Amino acid sequence: MKPKAVFNWSSGKDSSLALYKILTEAKYDVNCLLTSINKEFQRISMHGVHVSLLEKQAESLGLPLIKMKLPKEPSMEEYREIMSKTMNEIKSHGVTHSIFGDIFLEDLRKYREDQLKSIEIKAVFPLWKINTLKLINEFLDLEFKTIVTCVNETYLDKSFAGRIIDKDFIKDLPENVDPCGENGEFHTFTFGGPIFKKTIEFEIGEVVKKTYLKPKSDKNDNEGEYVFWFCDLVSK
């Protein structure tokens, strides 16, 4: 019997490729998808995608969806408490593994592993340490379809928000931007590809600027804030 796993689903390209690899290898029984939601705005954390499109993704993937609802700006303590409660509930259904689409951020991997270790769940990283240019090209060669929903203005300007990722998009990225946006340069919404039963239909809405205060420990910017551009996607 294959071990049961929860898949941490962000709605974007890395999650999609990681899930593709997991389903292709067939080593785990993917029990459900888990996605963090801003409960005030009903949108996926950081990606800015409305929950209605997330639900259409889950339906097209044929997997149950668990929405972990977070307050607007949760503290680390609040986040850990909500995550612990959610994961313990998932564990009660026989889940022993938790799958992520992370690629090379060592600190993030260690944090995930440490948090899961406390409840005896093992973290799995199917994309770990694979070259990101190779990954994005594999993603496109598999005919996945994804759109940029959020960009960090530190790395990319407003014009990148709302663009479909293709070979031209990769060529247009500045040299300091990771091809998969692994450093948080951009986030995406995947609306088609080999793991989906049908394409997710949507319309492109307005592009909105939002600012967030940086943590006090971050001294990279005297203004003390992050600037992001979000492209709204409207479910059809």
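Right after helix H2 comes Gly-62, with a positive phi near 75°. The model here is a predicted one, and H2 itself makes a handy place to start. The helix runs over residues 51-61, and its buried members are Val-51, Leu-53, Leu-54, Gln-57, Ala-58, Ser-60 and Leu-61. Gln-57 and Ser-60 thus sit in a buried list that otherwise reads Val-51, Leu-53, Leu-54, Ala-58 and Leu-61.

H2 also turns up in the largest nonpolar core, where it supplies the largest share, 5 residues. That core counts 50 residues in total, and the members touching the most others are Phe-7, Trp-9, Leu-19, Val-151, Phe-186 and Phe-189. Val-151 is worth a closer look. Leaving aside residues up to four places away in sequence, Val-151 touches Leu-156, Asp-157, Phe-160 and Ala-161, then Glu-185 and Phe-186, and finally Val-227, Phe-228 and Trp-229. One of these partners, Phe-186, is itself among the core members with the most contacts to other members. Asp-157 and Glu-185 are on the contact list of Val-151 too.

A second core stands separate from this one and holds 17 residues, including Cys-32, Met-87, Leu-116 and Ile-119. Two of those names come back in the second largest pocket, which encloses about 220 Å³ of space. Met-87 and Leu-116, along with Met-83, Arg-112 and Gln-115, are the closest to the pocket centre out of 14 lining residues. Helices H3 (76-91) and H4 (106-117) are the elements that each put two or more residues into this lining, with H3 giving the most, at 5 residues. As for chemistry, the lining breaks down into 7 nonpolar, 5 polar and 2 charged residues.

What about enclosed space? Searching the whole structure turns up 1 cavity of 30 Å³ or more, and the volume of the largest cavity comes to about 40 Å³. Around the largest cavity sit Lys-13, Asp-14 and Leu-17, together with Leu-127, Leu-135, Ile-136, Phe-139 and Cys-180. Helix H1 (13-25) and helix H5 (132-141) are the elements contributing two or more residues to that lining. By class, the cavity lining has 6 nonpolar and 2 charged residues, with no polar ones. The charged pair is Lys-13 and Asp-14, and both fall within the H1 range of 13-25. The pocket lining, by contrast, does include polar residues, 5 of them.

Methods
Residues numbered from 1 in each chain as written. Predicted model: local features only at pLDDT ≥ 70, side-chain atom pairs only at ≥ 80, totals over all residues. Heavy atoms only, no water. Core = buried A, V, L, I, M, F, W, Y, C linked by side-chain atoms within 4.5 Å. Buried < 20%, exposed > 50% of the residue type's maximum accessible area, 1.4 Å probe, protein only. Helix = DSSP H or I, 4+ residues; strand = E, 2+ residues; numbered from the N terminus. Contact = heavy atoms within 4.5 Å. 1 Å grid on protein atoms, 1.4 Å probe; cavity = no way out; pocket = protein on both sides within 12 Å on 5 of 7 lines; lining within 4 Å. Points joined across faces, edges and corners; volume = space filled by probe spheres on them.
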